[in-house]
Number of protein chains: 2
Amino acid sequence: MKPSLTPYKGARDFYPEDKQRQKWLFDVWRKVVERYGYQEYDAPILEPTSLYTMKGSQEIVNEQTYTFTDRGDRSVTIRTEMTPSVSRMIAGRRQELAYPARWYSIPNVWRYERTQRGRLREFWQLNVDMFGVDSIAAELEMLQIADDLMRAFHAKRKDYVIKLNSRQLVNAALTSYCGLSIDKGSKLVRLIDRIHKMSTTEFVAEVQLITEDVSVSKRVIDLIKAKTVDMLPAELHGHPSLVSLQKLLKDARSYGITNIEFDITLMRGFDYYTDIVFEVFDTDPENNRSMFGGGRYDGLVAQFGVEPVPTVGFGMGDVTFMNFLESHKLVKKLPPPCEVVMIVREKDTIASAQRIAQDLREMGMKLAVDISGSKFDKQFKNAVKSGANYVIVVGEEEIKNEVFTLKDLRSGSEQKHSMQRIVSIVKDHRRA
Amino acid sequence: MKPSLTPYKGARDFYPEDKQRQKWLFDVWRKVVERYGYQEYDAPILEPTSLYTMKGSQEIVNEQTYTFTDRGDRSVTIRTEMTPSVSRMIAGRRQELAYPARWYSIPNVWRYERTQRGRLREFWQLNVDMFGVDSIAAELEMLQIADDLMRAFHAKRKDYVIKLNSRQLVNAALTSYCGLSIDKGSKLVRLIDRIHKMSTTEFVAEVQLITEDVSVSKRVIDLIKAKTVDMLPAELHGHPSLVSLQKLLKDARSYGITNIEFDITLMRGFDYYTDIVFEVFDTDPENNRSMFGGGRYDGLVAQFGVEPVPTVGFGMGDVTFMNFLESHKLVKKLPPPCEVVMIVREKDTIASAQRIAQDLREMGMKLAVDISGSKFDKQFKNAVKSGANYVIVVGEEEIKNEVFTLKDLRSGSEQKHSMQRIVSIVKDHRRA
């Protein structure tokens, strides 16, 4: 049977121009987080399934994983996210590490989902995590980095908004203020997490189903109407979680992050978040969706049977983020991957041309020699097709006289020079 | 159940120091191949199983793959090598591409194997391939790159040897010279591929089992004793495959690749090789093993039902190669991932310290602020532990006077400066 020409559904082939664009994205990500002292780590893409059956990822494990049994009868899962792996790594070396430990990674992850715009089965995800800090100074740094990441791509403040919430505040509001049990509170958290996927009527009906009490329902519905911290019920003012949240909003704004706002309905799916959560949204009305987010998850490292390590972190997917960059026209025009193609006049000169090319490479030029032995015209056409900026022509004649033709494919201009001179022309243009 | 602290068997967690070393390896790989005009591509790690049931990878598919059925009832396989994926990609765009197409990739691949030194279940592999050139000018470039890769890590010529063979020459020798059928010839190719894993007696017995003729067996055994091209039977001299091989040896040597030699027993496992094959060996008697290799595989693209595209390429694994670098002491000592740690005297000063840090980052410094709020001594200890070169001390006093303490952790020297001055000191030392 003839194998298929298309890749597996929901996954992408990266042709050189696609890969170049992805590398540009990752390079900017790396540059930003490394400025803050974050160090890159990595973990295997295949993990024991038990890693994902911990608290927090149940839905994904049950419905969206690629899980199977290996030839040694172990249940394994292709990673769906990096957080469990990094928690394991921290737990494994918790005593040797220098804290705060600042770590990042850009893994590919797999989820068996229905594919649609912005949602594929394989995607890459920048993961930024800080371990060992239990104060909101850690959250503040996460917000700074999130904001810096947006600005490194020249996004304007009006193009995105950072929404902030506190799980502890929500818990306090649902239990102390609304008077719900912890169990019903959890159910409501899950419900509120889906609020933007249903109508108000549906939401109210679901709230009543959970609370079974009209006055409690009314409190819940009033609560989620609070668009600012000031609009929260008076009973919650002064609650430690609210004080922290207010300080965080104030500090972030003092750093110039003016596009940050409180959102009581922001939950983020994962159960493992313990306190502050945040999410960055595209403000474009056509594409008003969540781009990335994170929060504090103090309990995950301790699930490996060791003492807890306070943690904040966030993850940022390549597909969603690239959609944002595209729709806001922020994708950089990239230089051709190979700047110079050497065309060889005669077949017998190929070996000599390669020797000359080697000298040029050692001088720092990226140079592909057309060793096809095709006719001159065909070689020239292929050089143009490759997107190169320059063509150098080499033949017996040129080698004898040590003078070569350099053609600038953008301007069409053609000059004869020594190789030394050609190197400096190409390098000068590169800087320009 | 408590999840395990160790990664899946045969796979590695990359702690920041491990990842830094891996990135150094990959960066050198990239630098070398990009000089030759190779462009990076990528493909999904999960492929339809049918991609691997083509000619050439049978043994791996049957015994070493991670193959399973997805939730949509499709059989999928975690990639064991990149060659089938890249062949699919070329087949898919064969008409739009500019030839010669020079492509490279550094994928992770998975094989279910017994783990041992130099052999893990997950490893990364540099793949370098050229499409569209049917002359040995392509093989010559592969040898140049292979050699350049070794020398980019400062390996000496005596540290490695490049072995070269021709599958066509072997086929001609086994059929025309030894008089074997094509079928028996194939069996012998497979046997010779394993020659270094058995004793001479075992080998001879196996040859006799296949040939069933004493005089034929003698010819085969004589043949594989030929240590140089000159030692080959006279009947083979002048055969086109031998002429090509001789030219390739000569050209490579003329480029200074003096550590190249003919080896009639070199087959390389995969069935898809059609002509020249080569392999690079460590010459260290303690670790005299194959490091990487490749060859010509002209038939693979055509298996997708399209016209054939001539191809040469090779693959180089990270584990084997890193073993070579380690045993020859060629692993570079890498700089600390975060050069500066800022220590904050008072908890209340953290937010101001971060603001100052932000300015320094914009001036190009990689800087981690200790926002733990720990005691000064503990912060200092953690800075030393982190491997940073410098510590900057910030407190209320320092912010008021705009004078900060810079401590060089390597020399122990301590000076007071403005932030401007501190940036230039750190940057100057970086260049030194």
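**Exercise 1. Work out how helices H5(B) and H6(B) are oriented to each other in this predicted model.**

Step 1. Start with the two elements: H5 covers residues 167-177 of chain B, and H6 covers residues 182-193 of chain B. Their axes lie 10 Å apart and make an angle of about 125°.

Step 2. Compare that angle with the classes. Roughly perpendicular ends at 115 degrees and roughly antiparallel begins over 145. H5(B) and H6(B) are therefore oblique to each other.

Step 3. Add the handedness: the crossing of H5(B) past H6(B) is right-handed.

Step 4. Now look at the side that each helix offers. H5(B) contributes Arg167(B), Val170(B), Asn171(B), Leu174(B) and Thr175(B), which meet Ile182(B), Gly185(B), Leu188(B) and Val189(B) of H6(B). Sorted by class, the residues of this contact are five nonpolar, three polar and one charged.

**Exercise 2. Describe the packing of H5(A) and H6(A) in chain A.**

Step 1. Take the geometry of helix H5 (residues 167-177) and helix H6 (residues 182-193) of chain A: the axes come within 9 Å and cross at roughly 125°. That angle makes H5(A) oblique to H6(A).

Step 2. Check the sense of the crossing, which is right-handed as H5(A) passes H6(A).

Step 3. List the partners. On H5(A) they are Arg167(A), Val170(A), Asn171(A), Leu174(A) and Thr175(A), and on H6(A) they are Ile182(A), Gly185(A), Leu188(A) and Val189(A). Here too you can sort by class: five nonpolar, three polar and one charged.

**Exercise 3. Find the orientation and the contact classes of H4(A) and H9(A).**

Step 1. Helix H4 spans residues 137-152 of chain A and helix H9 spans residues 240-254 of chain A; their axes cross at roughly 40° and come within 10 Å.

Step 2. Roughly parallel would need an angle under 35 degrees. H4(A) and H9(A) are therefore oblique to each other, and their crossing is right-handed.

Step 3. Glu139(A), Leu140(A) and Leu143(A) of H4(A) make the contact with Leu248(A), Asp251(A) and Ala252(A) of H9(A). The contact of H4(A) with H9(A) has four nonpolar, no polar and two charged residues.

**Exercise 4. Determine which symmetry relates chain B to chain A, and look at the residues by the axis.**

Step 1. Superpose the copies: a turn of 180° with a shift of 0.0 Å along the axis lays chain B on chain A with an RMSD of 0.1 Å. That is the relation of a two-fold axis.

Step 2. Compare the contact surfaces: 100% of the contact residues of chain B recur in chain A, and the same surface serves both copies.

Step 3. Go to the axis itself. Among the residues of chain B, Phe68(B) comes closest, with its C-alpha at 3.2 Å.

Step 4. Turn to the aromatic rings, which form 39 pairs over all chains. In one of them, Tyr66(A) and Phe68(B) have ring centres 6.4 Å apart and planes at 75°, so the pair is edge-to-face. This pair crosses between chains, from strand S3 (residues 66-69) of chain A to strand S3 (residues 66-69) of chain B.

**Exercise 5. Locate the cis peptide bonds at Pro100(A) and Pro100(B), and the positive phi of Lys329(B).**

Step 1. In chain A, the cis bond joins Tyr99(A) and Pro100(A), with omega about -5°. Pro100(A) sits in the loop between helix H3 (83-92) and strand S5 (101-105) of chain A.

Step 2. In chain B, a cis bond joins Tyr99(B) and Pro100(B), with omega about -5°. The loop between helix H3 (83-92) and strand S5 (101-105) of chain B holds Pro100(B).

Step 3. Finish with Lys329(B), a residue other than glycine whose phi is positive, near 55°. Its place is the loop between helix H10 (318-327) and strand S13 (340-344) of chain B.

Key: Residues numbered from 1 in each chain as written. Chains lettered and ligands numbered in written order. Predicted model: local features only at pLDDT ≥ 70, side-chain atom pairs only at ≥ 80, totals over all residues. Heavy atoms only, no water. Axes fitted to C-alpha atoms, helices over the stretch in contact; angles between N-to-C directions. Helix = DSSP H or I, 4+ residues; strand = E, 2+ residues; numbered from the N terminus. Parallel < 35°, antiparallel > 145°, perpendicular 65-115°, else oblique. Left-handed = near helix turned anticlockwise from the far one by under 90°. Contact = heavy atoms within 4.5 Å. Nonpolar A, V, L, I, M, F, W, Y, C, P; charged D, E, K, R; others polar. Least-squares fit on C-alpha atoms with pLDDT ≥ 70 in both. Phe/Tyr/Trp six-rings, centres within 6.5 Å; stacked < 30°, edge-to-face > 60°.
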